[in-house]
Amino acid sequence: MIAAAPEVRRSFDRGAARYRQLAQAQARMGTLLWQKCPQTADTVLDLGSGPGHWTARLAESYSDASVLGLDLSPAMVRQARHSYPEIGFVQGNAYSLPLQNNSLDLLFSNLALQWCPDLRPLLTGIHRVLKPGGRALITSLLPGSLEEIHQAWSQAGALSRVLNFQPEAAYQKAVTAAGFSHFHLEASPQVFYYPTSRDLLQSVTGIGASGGAGFLSKDQYRRIHQQLEQRRTPQGLPLTYQLLVMELIK
Ligand SMILES: C[S@@+](CC[C@H](N)C(=O)[O-])C[C@H]1O[C@@H](n2cnc3c(N)ncnc32)[C@H](O)[C@@H]1O
């Protein structure tokens, strides 16, 4: 599935209220990115900030810095402003960052870029707003992510709603074309376990990270749950994310 911006916005609007409660996998993947944060930064953007929890951590960590969160979803921005009224959040699109050229020391972005199919203008825009020597720390997802859901849907004869994730080579090409002087891309599988198939599906659909279930017959619904259940391990039902961590320096 390729999602257009209005559809992505609506989907995350629906997920905003329960995002923090359900997005445990996203939080754990974000900590891998957090570990790469530099010691100091004066100007920071959290791109695709969702309900704002990473923005708040950034504001706490860089206490003298100007820190801004930006998200496409108005409901996510409302949620973030409500939880962290002392921090600035704007509704906007990653493709047209409302920032001056050469203005950021750090751009942090956890699991938002996989929603942006056109990587070249996106990374060119990120390069534009970074100061020379500024850093972008970004996680995104690669093909093979949510494969268990994709397969369960397909085997039940339903149209899969899993995103068409772009390969690492596409990111590499876009990063190079954008003109970053140094960059490091690292891919790794991250597997999370859930007690039930309902919990597993909720961890994706409940936070808005899918285009919705679409129409499913009762039989398809039952077969999807059965397919997921067949993968049970002693730790629970697995869900795989193929994580890409990018460290880009202008
Ligand atoms: C999976 S959530 C991640 C939220 C947060 N960064 C976190 O780590 O929990 C993805 C977020 O990216 C936002 N997003 C998707 N496409 C975007 C775009 N083109 N511009 C800005 N934000 C976008 C969504 O609205 C959503 O809040």
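## A tour of two pockets and a ligand

Start by selecting α9, which gives the most to the lining of the second largest pocket, with 4 residues. Keep in mind as you look around that this is a predicted model.

**Stop 1: the second largest pocket.** With α9 highlighted, add α10 (218-229): these are the elements that give two or more residues to this lining. About 190 Å³ of space lies in the second largest pocket. Which residues should you show as sticks to find its centre? Try Leu-201, Gln-202, Thr-205, Tyr-221 and His-225, the closest to the centre among the 10 residues that line the second largest pocket. Now colour the lining by class, and you will find 6 nonpolar residues, 3 polar and 1 charged.

**Stop 2: the largest pocket.** Next, move over to the largest pocket, which holds about 740 Å³ of space. Its lining is made up of 50 residues, and those nearest the centre are Phe-12, Leu-111, Ala-112, Gln-114 and Trp-115. To see which elements give two or more residues to this lining, select α1 (5-15), α3 (24-34), β1 (43-47), α4 (53-61), β2 (66-71), α7 (147-155) and α9 (197-205). Which of them gives the most? That is α1, with 4 residues. You have already met α9 at the second largest pocket, where α9 gives 4 residues to the lining. Colour the lining of the largest pocket by class as well: 33 residues are nonpolar, 13 polar and 4 charged.

**Stop 3: the ligand.** Stay where you are and switch on the ligand, as it sits in the largest pocket. Two or more residues of the shell around the ligand come from each of α1, α4 and β2. Select the 21 residues around the ligand, and look for Tyr-19, Gly-48, Asp-71, Ala-94 and Asn-110, which come nearest. By class, this shell has 12 nonpolar, 8 polar and 1 charged residues.

**Stop 4: polar contacts.** Now draw some distances to oxygen atoms of the ligand. Begin at Asp-71, where a polar side-chain atom lies 2.6 Å from a ligand oxygen. Go on to His-53, which has a polar side-chain atom 3.2 Å from an oxygen atom of the ligand. Then pick Trp-54, whose polar side-chain atom lies 3.4 Å from a ligand oxygen.

Finally, show the protein surface around the ligand. How much of the ligand's accessible area does the protein cover? On its own the ligand has 590 Å² of accessible area, and the protein covers 98% of it.

Methods:
Residues are numbered from 1 along each chain as its sequence is written. This is a predicted model: local features need pLDDT of at least 70, side-chain atom pairs count only at pLDDT 80 or more; totals for chains, interfaces and linings use all residues. Side-chain values use heavy atoms; hydrogens and water are left out. On a 1 Å grid over the protein atoms alone, a cavity is a set of points where a 1.4 Å probe fits but cannot get out, and a pocket is an open set with protein on both sides within 12 Å along at least five of seven lines; lining residues have an atom within 4 Å of a point. Grid points are joined across faces, edges and corners, and a volume is the space filled by probe spheres set on the points. Ala, Val, Leu, Ile, Met, Phe, Trp, Tyr, Cys and Pro count as nonpolar, Asp, Glu, Lys and Arg as charged, and the others, Gly among them, as polar. A residue is near a molecule or strand if one of its heavy atoms lies within 4 Å of it. A polar contact is a pair of N or O atoms within 3.5 Å; within protein, one must be able to donate a hydrogen and the other to accept it, and residues adjacent in sequence count only if both atoms are side-chain atoms. Accessible areas come from the Shrake-Rupley method with a 1.4 Å probe; for residues, only the protein chains shown count as cover. A molecule sits in a cavity or pocket if more than half of its atoms lie within 2 Å of its grid points.
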